[in-house]
Amino acid sequence: MVKRKIGALAGSLMLTCALFLTAAPVAGAEPFGVSSASAILYEPAFGQVLYEKDIHTPRPMASTTKIMTALLGLEKCAPDTEITVPDAAVRVEGTALGLRGGDKITMVDLITGLLLVSGNDAANVVAYTVSGSIPAFAEEMNRRAAEIGMKDTTFVTPSGLDEGEHSSSAYDMALLAAEAMKNETFTQICQKQNAVIRFGNPVREVSVHNHNKLLALYDDAVGIKTGFTKKSGRCLVSAAVRDGVTLIAVTLKAGDDWNDHISMYEYGFQQVKAVAPPAAALPALPVAGGTADEVTVTAEAPPAFPLPAGSESRVRAVIEAPQFLLAPVEAGQQVGTVRYLLDDRELCRIPLLTTDGVEARPVATYGERFIRYLKGLLAGFAG
């Protein structure tokens, strides 16, 4: 079976979405026997929590920390930025990419080694490159976490090695994964099972293999990151895409994380379906003072929304536009909005645009008005 792959998850449609479908579990038979101490199944487009188990308790999250490290590295540096590895960065325990002081490596190859091999040395190199030190980078990690809305999280290390209060919750890690998957380069890297990167002094080619076995076990999987320490136990943050629906699963302190994620995904893809509602019927708008009495309008077709299964009949369109327009009217002018709602929850807003222009009707001079008046009088006498 051919594995489905995706590019960047960030959409390019020119519309404004209001994300109001938050934290509302969908009815149905939930997964049972999830081995993890904390687990969540999350639909990121509208913030729907489809399954939860102790999702706000902070726990050590091991190398899933590297999702934030990778995101910051890609946000702060261009992918082709060449980095010279500092000696201090490679003095770290645990899994390593094999970097040495003085090695040359690009940021994209560094992030590839970070996500696939889970190199703690690579994490430190990102930290030194972005912030100059590990403590300064931890501050940047926590600042970015606050922007994302991660309220149960404290970052101390860029690698996920246990230190101090370094911890996060399943819910926060789902938020982080959703944010990271908006980055096209991150998304392309984390779904690779194998890659060839270049580093060293002199530079050489090195083959790396992804530790995330879910990519091979589950056809719809597209990432993201594994983790393990004795303190944290097995941790896994993953994403899967099927029929236009993206889901994110997180397990912390798991006994059987691969099957936990597969079980949650099989449940979730039955609960949420991508639905493209029919485009709204758009009436022409009256025009006052113009060379035409009305103007036609248009709007882009609505995108597909990941909605609770069976709810598509409750999606409706509301057209917001003035009762009439004053000439002149330009072609392509925004004159209103089409709102798509599920019950009373707004899904998105799409601009309502004019298809043609309407010029203002010329204003008659005093003489022209007088002549019309006389013609009217003469017509009255003639009658």
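Good morning. I begin with one pair of residues: Ile40 has Val250 in β10 as its bridge partner. What we have before us is a predicted model, and every value I quote is computed from it.

The pair belongs to a longer contact. Strand β2, residues 38-43, and strand β10, residues 245-254, are joined in the antiparallel sense by five bridges. In general, strands of a sheet pair through backbone hydrogen bonds, in either a parallel or an antiparallel manner. Here, the two strands are part of an open sheet of five strands, in the order β3-β2-β10-β9-β8, with antiparallel pairing. At the edges stand β3, residues 48-53, and β8, each of which pairs on one side only. From one strand to the next, the twist averages 10°.

Let me stay with β8 and β9, and turn to the second largest pocket. Which elements supply at least two residues each to its lining? They are β8 (221-229), β9 (233-242) and α8 (257-271). Strand β8 gives the most, with five residues. In total, 21 residues line this pocket, and those nearest its centre are Ser63, Ser118, Thr226, Gly227 and Phe228. The space inside amounts to about 260 Å³. As for chemical character, the lining comprises eleven polar residues, five nonpolar and five charged.

I now come to the charged side chains. Side chains of opposite charge can pair when their charged atoms come close. How many salt bridges does the model hold? The count comes to 16. One of them joins Arg144 and Glu179, at 2.8 Å from N to O. Arg144 sits in helix α4 (residues 134-148) and Glu179 in helix α5 (residues 170-180), so this pair ties together parts that are 35 residues apart in sequence. Arg144 has 8% relative accessibility, and therefore counts as buried.

A further salt bridge links Arg242 and Asp220, also with an N to O distance of 2.8 Å. Why does this pair tie together parts that are 22 residues apart in sequence? Because Arg242 lies in strand β9, whereas Asp220 lies in the loop between α7 (214-217) and β8. Are these two residues buried or exposed? Arg242 is buried, and Asp220 is buried as well.

My third example is the salt bridge between Glu346 and Arg339, where the N to O distance is 2.6 Å. Glu346 counts as buried, at 6% relative accessibility. Arg339 is buried too, with a relative accessible area of 18%; the cut-off for buried is under 20%. Elsewhere, salt bridges with shared partners join Glu75, Lys76, Glu140, Arg143, Arg144, Glu147, Glu179 and Lys182 into one network. The pair Arg144 and Glu179, my earlier example, is among them.

Finally, I turn to another set of strands. Strand β18, residues 334-342, runs antiparallel to β19, and eight bridges join the two. Tyr340, for instance, has Cys348 in β19 as its bridge partner. What do β18 and β19 form? They make a hairpin with two residues between them, and Asp343 in the turn has a positive phi of about 55°.

Strand β19, residues 345-354, also pairs with β14, residues 297-298, in the antiparallel sense over two bridges. In that pairing, Val297 stands opposite Thr354. As a general point for anyone viewing these strands on screen, the side chains of a regular strand alternate between the two faces of the sheet.

Thank you for your attention.

Methods
Residues are numbered from 1 along each chain as its sequence is written. This is a predicted model: local features need pLDDT of at least 70, side-chain atom pairs count only at pLDDT 80 or more; totals for chains, interfaces and linings use all residues. Side-chain values use heavy atoms; hydrogens and water are left out. Two strands pair if DSSP finds at least two bridges between them. Helices (H or I, at least four residues) and strands (E, at least two) are DSSP runs, numbered from the N terminus. On a 1 Å grid over the protein atoms alone, a cavity is a set of points where a 1.4 Å probe fits but cannot get out, and a pocket is an open set with protein on both sides within 12 Å along at least five of seven lines; lining residues have an atom within 4 Å of a point. Grid points are joined across faces, edges and corners, and a volume is the space filled by probe spheres set on the points. Ala, Val, Leu, Ile, Met, Phe, Trp, Tyr, Cys and Pro count as nonpolar, Asp, Glu, Lys and Arg as charged, and the others, Gly among them, as polar. A salt bridge is a side-chain nitrogen of Lys or Arg within 4 Å of a carboxyl oxygen of Asp or Glu. Buried means under 20% relative accessible area, exposed over 50%, partly exposed in between (1.4 Å probe, protein chains only). Axes are lines fitted to C-alpha atoms, for helices over the stretch in contact, and angles run from 0 to 180 degrees between N-to-C directions.
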